[in-house]
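Grab a pencil and work through these exercises with the structure open beside you. Each one sets a task and then walks through a solution.

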There are 4 protein chains.
Amino acid sequence: MDKIPVGILGATGTVGQRFIQLLADHPWFETVALAASDRSTGRRYAEACHWLLPTPMPEAVCDLVVQPIEPTLECRLVFSALPADIAGPAEESFAQAGYAVCSNASSHRMDADVPLIIPEVNADHTALIDVQRRQRGWDGLIVTSANCSTTELALALKPLHTSFGLRKLLVVTMQAVSGAGYPGVPSLDIVDNVIPYVGGEEEKIERESRKLLGTFEHDQVGMAPIVVSAQCNRVSVRDGHTECVSIEMEQSTTVDDVIAALEAFRPSAEVAQLPSTPARPIIVRRETDRPQPIRDRDAGKGMAVSVGRVRPCPLFDVKFVVLGHNTVRGAAGGSIHNAELLVSQQWIA
Amino acid sequence: MDKIPVGILGATGTVGQRFIQLLADHPWFETVALAASDRSTGRRYAEACHWLLPTPMPEAVCDLVVQPIEPTLECRLVFSALPADIAGPAEESFAQAGYAVCSNASSHRMDADVPLIIPEVNADHTALIDVQRRQRGWDGLIVTSANCSTTELALALKPLHTSFGLRKLLVVTMQAVSGAGYPGVPSLDIVDNVIPYVGGEEEKIERESRKLLGTFEHDQVGMAPIVVSAQCNRVSVRDGHTECVSIEMEQSTTVDDVIAALEAFRPSAEVAQLPSTPARPIIVRRETDRPQPIRDRDAGKGMAVSVGRVRPCPLFDVKFVVLGHNTVRGAAGGSIHNAELLVSQQWIA
Amino acid sequence: MDKIPVGILGATGTVGQRFIQLLADHPWFETVALAASDRSTGRRYAEACHWLLPTPMPEAVCDLVVQPIEPTLECRLVFSALPADIAGPAEESFAQAGYAVCSNASSHRMDADVPLIIPEVNADHTALIDVQRRQRGWDGLIVTSANCSTTELALALKPLHTSFGLRKLLVVTMQAVSGAGYPGVPSLDIVDNVIPYVGGEEEKIERESRKLLGTFEHDQVGMAPIVVSAQCNRVSVRDGHTECVSIEMEQSTTVDDVIAALEAFRPSAEVAQLPSTPARPIIVRRETDRPQPIRDRDAGKGMAVSVGRVRPCPLFDVKFVVLGHNTVRGAAGGSIHNAELLVSQQWIA
Amino acid sequence: MDKIPVGILGATGTVGQRFIQLLADHPWFETVALAASDRSTGRRYAEACHWLLPTPMPEAVCDLVVQPIEPTLECRLVFSALPADIAGPAEESFAQAGYAVCSNASSHRMDADVPLIIPEVNADHTALIDVQRRQRGWDGLIVTSANCSTTELALALKPLHTSFGLRKLLVVTMQAVSGAGYPGVPSLDIVDNVIPYVGGEEEKIERESRKLLGTFEHDQVGMAPIVVSAQCNRVSVRDGHTECVSIEMEQSTTVDDVIAALEAFRPSAEVAQLPSTPARPIIVRRETDRPQPIRDRDAGKGMAVSVGRVRPCPLFDVKFVVLGHNTVRGAAGGSIHNAELLVSQQWIA
């Protein structure tokens, strides 16, 4: 088939760059339009962008001229890596004008009529798009991907929630500096240091995980009845969030039950055929000291999450460690994955 | 008064070096004897030791000849920084021979007749020494300091346990590489990485915290009735363990109650006059992003612990972050502090 | 004697904070006035400043109200930690108004009538102050301290230049992130990375080292006839610049000659009695792998430089490694040291 | 064609692992035999090896049983990643027994009759194999690849030496921790630190670069008449050595000449068709702050070196920065590249 032309909003930032990198050889999508703030518009992308990724800037985008963030781009699908303070109204104006917006921004994630999607977790929540269009009178649509820490966590929890019913969840994160963008975390704050605080992150985990694991019924998503407590830290790691998790379930559950459920987890047939879906979205590590950022973040090309150290928790049922790539699965890769789902479900003409 | 001559067992390792550094200008103690493994005996300390601390090796120890680990040292008090595999019998032989042994090793910490002490937490547990001497027929004694992660945690929890009765404790640590000694953690395991595992550490925290907060009655220490769950990680920090803590208490307790109890905490009169006791053993930080290793580990010359981000926990009562210096308060400094207590209580003639 | 009241220009930045820290217990000076940019003026220092140093903010300055950068401060001596873009005219206006300005900014360092001083290196260059006052008609004065990399380098080279006559100098630096201020170097640029570039630094080293080692004659400072080539890099270190140096001298010189000259170096009697002068400004290390930032930057309370690995250079005469604390000796500490010299030489009434 | 079966000596170490990884999908070679020290022999590779690379251990080697380091492996070509203390005689015994040995060890690099090869630099030096066989009476052969720092340096210098005649070379390295193997550099030596010393490295650079750039004539390799001075440092980087270089040439040479020569450099037709040869072995960066380890080490799949900041040197002719991947181009990848050359030149039947 012909590739679907796509645009990127906020193309010059770190997440925008990751979109461009991940879309460079995408089998379904082709990047044809880049939009960014006034500072960059009118310049060639190669000049407007301080490229930060280890792989070189894809040839195909170097000569694209950066356009303003206005719904006049030559495509029907846009990815949004806009900063939270402008994403809200900008994304709405695109959806109103008929664009499908796959957003990584937080602005609309908790809107009652906006799907917050991880394809392996809650592909059925896209049904909310009909509600959204009806209520807002849009030809287009907005679908969001979750916060980075929440994404890897919810993916690992999905088979456990399905099988055993999660009740309580306590998570402590050790997050990579790439999550803060660029320039982001000053080196004087992270060399030989830990920052026990990531602004807004704990609230996002506590909220978004319950929506992701919730149920679509009667035109709305009911929040999963889980009590969630999160503590977030920044550590001296470039990419890959490590999370220590303790959970209690409705059904009495052993370590072996949990491992079995994690290992048995496979994407649905619909999701399995999306280009970005890894063969095994959850990888269980048996070593005593895994997962680790340097050794596990690139599993499944950055789209698989790794779970290790599954063991009994004296307070709850089990505890374990989960790790995922925060700027691939947890950001740009997640939104691209969502767009693939929308194409597959024929929300995008 | 004349200073008390002391010896150091395991003087060439990282904790041994920290003992030497902290004792260099100690008002009560004077280092007169250094003992280490065969490899080092018979050599000048300056030659036998690969000194790792930023401050220079104290002049007074450079020319001391390293002696074998045998109870023939010219002193009555020894500090043990011996590795776990040889500490057990070696410390016993010293106690048998009449030495007071203040140990940082784990071998005897959980022995029913061996006090595990943090002066501000459970100075009364030294009463166990009488039991120990009676049962073992020793003239000497063994007193132990706790594992590094446990020490700072138990100190922060003490006023909360006293005031509100701890019931449940969940802790996730982010520990400094100095805790693993030298050569310790390979740099390929920690640059741009987190290791979600510290051998034996979780069990130590779960056990030792309950003994430290336990009650001395009828010639024994009853373990505090707290359910403890620990997850331990190694991060790219030189010194200072950061711990994320969630607690539930018998009495319903608010954030303000907790802060008030932490801020009101003062050492007893007996403990306050020990040279190593900081004016405020617990420092409460009000900033959103503290405590941090680089900015808080040296508080109270490394003997104070810092607590910050006290806030409600959706699952338990409150959650917070605690930080302390793992090789000062959490190792050598803690054992010296214990020796000061023994002198003050006249256990050391 | 009564302490001399001093002010700090640019008090809220990282160098300004270091001034405040180093002046907290200074025997001659007392900080009475703090000035900073408009954003901070009118606020208590404790509120205006995001304090970054590991030791707490000194009590004495917490309640000082930040004033505008105008020559109306209640003191006669000011330290300038102003950014390069505003330091030039601001410092001049203070000198004109009768203040003695000890500046760490680069603006006036190379002015023909402004002394660039390291007390142990060229205390006699203060004679330029008479020229400056005559030419500019000032009651006050400006004296500057050198760039951080240059300071430690020039100090180490001084005895070699005096004894053997330097001709050629090639230096490659590995500089700490604190040199770039705060927020300064983004962590994504330095975790698992080296940046082989520090803006303007190579030119400063090549220029300033020749002025520092130059000769005051006939009312001017003649540049030392040394050919200098510098390459500058930023590495993942908090404090302490490490520099690899190769030198050729007029006289044929051996490694032993160089070591002997470095070890014999002592400050003049006049300089030795200044409070900030270390007993031995140059420390020679004999180990194969020193000096190192973590182990040597605090030598002499951060005011001594360490030299090690002195060995023959196949191309020039000798090569070696020099290390100093870039924000103490190389910045605030250096300017305070200069002010002490001015007091001692009675330039400050 | 059928793939050539190969063995790896020292298969469990970090360089051995890199050989396995790079050979996993090699178009010409297939790993069939793994040999290592007694500790590992007789065990499945998956059990004997503590795998350290971010990509998973290739399936094909997991079940290979580790064999002793003796010339009884079922192949004709072996790669040696043996430690220096045993490589010498072990490699000789394989060559004697008819094996082609492509070694990354230092033992035989400077032997007069052993080629030290970088295909793009001195492919003609393989002619030394005839001399070697004649003198030693071997059916097999030994060919070596250079030390990691030297390899990237010599490759970058090759076109400059060819065009302008190098005379003087001063290099300061900032080397990654992976160069020291595992466990290698202790984290206490590198977090917030620089080690200005890498054992034996400076001598290797000074020697090997002259052999690599030397001329094969009359059955021997004449050392290039270059005076070389090296200073080596270890920094907190995982992979990728950064080197600051100053050079003087016989012919007066400008920055533009140097850039033009570097950019014009292409491998010979013979070398260009080897699978590991990158299209452009030398990449010139024009940005002010490149090359950097994180952004340039993977150029050309780790086989290209990047050169940047080419500028005039006040002392010599030009100075610049060169960066390469020390465990790919500088170790296992270099030896594989050499083996490809041997196959292409029909030294391997």
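**Exercise 1.** Work out what kind of unit E3(C), H4(C) and E4(C) make, then see how E4(C) fits in with its neighbours.

*Solution.*
- Step 1. Strand E3 (residues 77–80) of chain C, helix H4 (residues 84–96) of chain C and strand E4 form a right-handed β-α-β unit. Right-handed here says that, with the strands pointing away from the viewer, the path from the first strand over the helix to the second runs clockwise. Helices (H or I, at least four residues) and strands (E, at least two) are DSSP runs, numbered from the N terminus.
- Step 2. Check the pairing: E3(C) and E4(C) run parallel and are joined by four bridges. Two strands pair if DSSP finds at least two bridges between them. C:Leu77 has C:Ala100 as its bridge partner in E4(C).
- Step 3. Now look at strand E5 (residues 141–144) of chain C: four bridges join E4(C) to E5(C), again in parallel. Here C:Ser103 sits opposite C:Thr144.
- Step 4. Side chains in a regular strand alternate between the two faces of the sheet. In E4(C) (residues 100–103), C:Ala100 and C:Cys102 point one way, C:Val101 and C:Ser103 point the other way, and all are buried. Buried takes 20 or more other C-beta atoms within 10 Å of a residue's own, exposed takes 12 or fewer, and partly exposed is in between, with C-beta atoms placed from the backbone.

A quick word on the ground rules: this is a predicted model, where local features need pLDDT of at least 70 and side-chain atom pairs count only at pLDDT 80 or more, while totals for chains, interfaces and linings use all residues. Residues are numbered from 1 along each chain as its sequence is written, and chains are lettered from A and ligands numbered from 1 in the order in which they are written.

**Exercise 2.** Find where helix H12(C) bends, and follow the chain just past its end.

*Solution.*
- Step 1. H12(C) covers residues 328–344, and its end C-alpha atoms are only 21 Å apart, whereas a straight helix of 17 residues would span 24 Å at 1.5 Å a residue. That expected span is 1.5 Å times one less than the number of residues.
- Step 2. The bend is at C:Gly334 and comes to about 50°; it is the angle between axes fitted to the seven residues ending there and the seven starting there.
- Step 3. How covered is H12(C)? Mostly: 15 of its 17 residues are buried.
- Step 4. In the segment after H12 sits C:Gln346, which has a positive phi of about 65° although it is not a glycine. C:Gln346 has 7 other C-beta atoms within 10 Å, so it is exposed.

**Exercise 3.** Track down backbone oddities in the loops, beginning with the bond between A:Tyr182 and A:Pro183.

*Solution.*
- Step 1. The A:Tyr182–A:Pro183 peptide bond is cis, with omega about 5°. A:Pro183 belongs to the loop between strand E6 (166–175) and helix H8 (201–212) of chain A.
- Step 2. Over in chain C, the bond from C:Tyr182 to C:Pro183 is cis too, with omega near 5°.
- Step 3. B:Asp219 has a positive phi, near 65°, and isn't a glycine. You'll find B:Asp219 in the loop between strand E7 (215–217) and strand E8 (220–222) of chain B. B:Asp219 counts as partly exposed because it has 13 C-beta neighbours inside 10 Å.
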